[in-house]
Amino acid sequence: SAGETTGIFTPKFEDYEKVYKEIAELLEEKDEYDDGSYGPVLVRLAWHCSGTYDAETGTGGSNGATMRFAPEGDHGANAGLVAARDFLEPVKAKFPWISYSDLWILAGIVSIQEMQGPSIPYRPGRVDKDLSACTPDGRLPDASQGNKHLRAIFGRMGFNDQEIVALSGAHALGRCHTDRSGFEGPWTFSPTVVTNEYYKLLLNEKWSWRKWNGPKQYEDKTSKSLMMLPTDVALVSDKAFKTYVEKYAKDEGLFFKDFAAVINKLFELGVPFAEGSENSKMVFKPTNA
Ligand code: DDH
């Protein structure tokens with residue numbers, strides 16, 4: 001295109017829409033991975049680059065895409081996310097004008113929408129940084145901990161109790177892998193569809209410690225094929241968190257609305273967007289709507 005030769009290409013909505021469609025097509029095409037979709041691991045990539053944000057110092061967050069570099073890519077919490085980053089390399093090659101940091105966030109949004117979740121507004125503006133911007137290890141949550149840890153980690157990013165519970169509903173998606181986190185199994189029976197099943201299962205199933213040699217995790221009494229992390233169960237053992245679990249279990253529409261808002265907030269943490277851009281966010285149509 002003209003942009004590549006002149007270097008003054010300013011991408012518009014239509015250009016980002018092309019990237020959206022390319023990712024959506026690749027998701028459809030590469031359906032042999034895991035439970036049949038790269039969607040969950042792409043959502044996790046977008047979350048792990050955003051969730052390093054520290055409100056006090058303004059460091060971390062999705063701006064920079066510093067997980068490309070060894071110190072951050074090798075953090076224990078990021079084990080396995082190379083699969084998501086590699087999946088997006090052909091997209092980056094086809095649309096070299098988009099920054100990795102904008103691309104990874106867009107891929108998270110494509111995945112949520114293509115897995116039948118709510119529309120998530122998008123705005124570009126992230127700039128890739130060098131490895132000196134890598135965040136220190138330990139900013140992402142530790143699954144073996146409880147309510148105090150959750151409030152400390154998510155409070156550092158600027159989230160309250162309701163937002164912590166809404167964000168955690170992402171565990172309707174995907175699974176744990178023994179060769180990544182050490183934990184094993186999916187949270188729900190539909191790990192490639194966005195639903196409020198996570199909250200329903202937390203409330204309605206009986207969860208007990210799994211007897212195995214791996215890290216401490218819960219299994220459901222009925223099928224013994226689903227799992228919860230200690231941090232997941234903390235959302236029903238803490239009274240304040242539990243109120244929101246009950247609301248989202250009852251009302252999937254409310255969960256979708258709150259999930260869209262809190263994901264939008266998460267994906268924009270620490271990004272220095274152009275002034276006025278909050279009023280012109282892009283909304284993409286899911287491909288099969
Ligand atoms: Fe998570 N998550 N997550 N998570 N997460 C794992 C997988 C996935 C924690 C731990 C783990 C969020 C919050 C938390 C997704 C999205 C989100 C795994 C398993 C662990 C462990 C990794 C593996 O073995 O492959 C903990 C702890 C927390 C917390 O304390 C709240 C949030 C906020 C999100 C989000 O997206 C907003 C997704 C999706 C997966 C599934 C990945 C996959 O490959 O499948």
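**Notebook: the ligand shell and the two domains**

I looked first at the shell around the ligand, and I found that helix 3 gives the most to it, with five residues; helices here are DSSP runs of H or I with at least four residues, strands are runs of E with at least two, and both are numbered from the N terminus.

I noted that this is a predicted model, in which local features need pLDDT of at least 70 and side-chain atom pairs count only at pLDDT 80 or more, while totals for chains, interfaces and linings use all residues. Residues are numbered from 1 along each chain as its sequence is written.

I then listed the shell itself: 23 residues surround the ligand, and the closest are P141, A170, G174, R180 and S181, where a residue is near the ligand if its C-beta atom, placed from the backbone, lies within 6 Å of it. Besides helix 3, helix 8 (161–168) and strand 1 (175–176) each supply at least two residues of this shell.

I next looked up the domains, whose bounds come from an automatic or database domain assignment, and recorded domain 1 as 2–139 + 262–276 and domain 2 as 147–257. Their contact takes 23 residues from domain 1 and 18 residues from domain 2, with two residues in contact if their C-beta atoms, placed from the backbone, lie within 7 Å. On the domain 1 side, helix 3 (39–50) and helix 12 (252–268) are the elements that give two or more residues, and helix 3 gives the most, with six residues.

I finally asked where the ligand lies: both domain 1 and domain 2 give residues to its shell, so it lies between them.
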